[in-house]
Amino acid sequence: MGLFDRLRGKDHPRVAFIGIDGVPFTLLSEHPDEFPNFAALADEGSAGDIDSIVPPESSACWPALTTGVNPGETGVYGFQDREVGSYDTYVPMGRDVQATRVWDRVTDAGREATVMNVPVTFPPQRNVQRMVSGFLSPGVDKAAYPDDFRDALSEMNYKIDVNAKLGHDDDKTAFMEDARKTLDRRYEAFERYIDQDDWDLFFGVFMTTDRVNHFLFKDYERDGKNKDAFMEFYRTVDDYLGRIRDALPEDVTLIVASDHGFTSLDYEVHCNTWLEENGWLSYEDDDHDSLSDIDEESKAYSLIPGRFFVNLEGREPRGSVPQSEYEAVRDELKAELEALEGPDGNKVADRVVVKEDAFRGDHDDIAPDLVVIPNHGFDLKSGFKGHDDVFGVGPRNGMHSFDNATLYVDDPGAVIEDADLYDIAPTILDLMDVEYSRTELDGASLIQQ
C-alpha cells in the first residue's frame, strides 16, 4: 500500500487517464503477443478504434479531448490560427482554450487533479495540485507548478518533448535514443506522482509516441529498416502501461486514449502552391513567407492541416470575394479539392468538410471555410514560402489520420462502438460521479447505466 492509499478514503470513484498521442488502435490490437498489457486491458475492459476530430491535428485534438467540445467552442483549430480580422497568425497555447477542461470540472466539484504533459496547456494552471505543461512549453522551469514540483522534475532530468530534428537524419539511432530517454523520464514522473499524490483524477500524456510515428511509421507498416526499433519502442510503451495499471488502486478506472490515428506518408501536398498554380492565391511580391503577404486578388488560402479559407470581403483585411459570392466560390473550391489527384492517380481528399458541418460555437470568425480530410498517404502542408511542386517528399514518413484513434477503458461496461474523441471527457466525468450538463458537451458518456 502506497502513501496514496493511506491518505485517501474510498468515498469517490477515481480515474487515471493515460494519453498515447497519435497511436492507431490497429497497431496495438493486431499484435497481442508483442503488447500483452494492452491485450489484457482490452480483454478485461473495453477497447476499440474511435474517430478523431476535424481537423485531426494535435493542437486542436487535445483541447477537444480535454473539454468534450469542438474547435468552434475551444477556439483552437490547429497548430497555427489567425487573428480575428487580420492576416496575422499565432500559435494557440493553454490560455487560448476557451472551454472548460475536464480537470477544471473535477476541481470545481471539490476534488483533486494532477495533470502532466498534456499538449496545449502552457502556462500551467494553479487550480490543480500540480501541473507540468506539455507540447509547446518552453521548458520545465516555466512549465511546472508548484515550484517544488518544478525542482523535482528538473532533478529527474524530465523532458517535455523529444528533439524532433534528430528524426530528420537518415540514421534514426540518435533520434530513437532521445525518444527512449524522453519516454523513460515521463514514465518515472508518472509513476512517482501516481503513487505520491492525493488525486481523484490523474491525467498524463505520452507524446513521444507521435514523434516516433512521424519518422518511423512507414518502416512499421511496410517492413522498413527501422521496424525493429519501432516495435521495441512500443514494447516499452506496453510495459510502462502495464506497470501503471498494476500500480493503480482498485477504485481507480484506467482510460488510455490517443488523439488521432496514424498512417504511412507517401506525399506531402503543398496546398498553397496548388492554390497559386490554380489561380486561387497570389502574393504582393516574390519574397513572401507568411499569410500577411497575400494580395487583394487572392480568393483563398490555406493553413495546416488542410484548412482552407475564402478570402472574404469584410472578414479578411484584403478580402476579394463579396459576401454574395461566398457560397458559389466555396462550392467551386470544394469541387476542385475533391477532384485533386496525386502523382499515383489516387484522390488526395477522402472528403471535404464545410465549416457548418464540423464546428459550432462562438469562434466562427477564425474557423476554416473548408477542411480536407486526406486519404491515407497525403499529408497536407500550407507554407507560404513557396515550393516548386505541389507534391513532394520530406523527412517524415508517417502522418495523422482521422480514423483509427485508440480508446481503452478498464471497465467492461463501456461501449466504444461508433465513439469519437468528444466522448472521452463525459466518460471520465461519469466514471467519477462528477455532475455536468449533457447539453454542454458534444460527446456522450460511453458507460452503460
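Colleague: With which residue does the side chain of glutamate 316 meet in a salt bridge?

Modeller: This is a predicted model, in which local features need pLDDT of at least 70 and side-chain atom pairs count only at pLDDT 80 or more, while totals for chains, interfaces and linings use all residues. Residues are numbered from 1 along each chain as its sequence is written, and side-chain values use heavy atoms, with hydrogens and water left out. A salt bridge is taken as a side-chain nitrogen of Lys or Arg within 4 Å of a carboxyl oxygen of Asp or Glu. At 3.4 Å, N to O, the partner of glutamate 316 is arginine 82.

Colleague: How far apart do the C-alpha centres of domain 1 and domain 2 lie?

Modeller: The bounds, which come from an automatic or database domain assignment, give domain 1 as 14-263 + 399-432 and domain 2 as 267-395. Between the C-alpha centres of these two domains the distance is 29 Å.

Colleague: Which three residues supply 34% of the area that domain 1 buries against domain 2?

Modeller: Buried area is the accessible area (1.4 Å probe) that two parts lose on being put together, summed over both. By that reckoning the two domains bury about 2,700 Å² between them, with 65% of it on carbon and sulfur atoms. The three residues that supply 34% of the domain 1 share, more than any other three, are Tyr77, Arg82 and Tyr87.

Colleague: Which element gives the most to the side of domain 1 that touches domain 2?

Modeller: Across this interface there are 14 residue pairs in polar contact, both at pLDDT 80 or more; such a contact is a pair of N or O atoms within 3.5 Å where, within protein, one must be able to donate a hydrogen and the other to accept it, and residues adjacent in sequence count only if both atoms are side-chain atoms. Helices (H or I, at least four residues) and strands (E, at least two) are DSSP runs, numbered from the N terminus. On the domain 1 side, α5 (71-74), β3 (81-82), β4 (89-90) and β18 (398-401) each supply at least two residues. With four residues, the element that gives the most is α5.

Colleague: Is asparagine 117 buried or exposed?

Modeller: Asparagine 117, which lies in strand β5, has a positive phi of about 65° although it is not a glycine. Buried means under 20% relative accessible area, exposed over 50%, and partly exposed in between (1.4 Å probe, protein chains only). Because its relative accessibility is 0%, asparagine 117 counts as buried.
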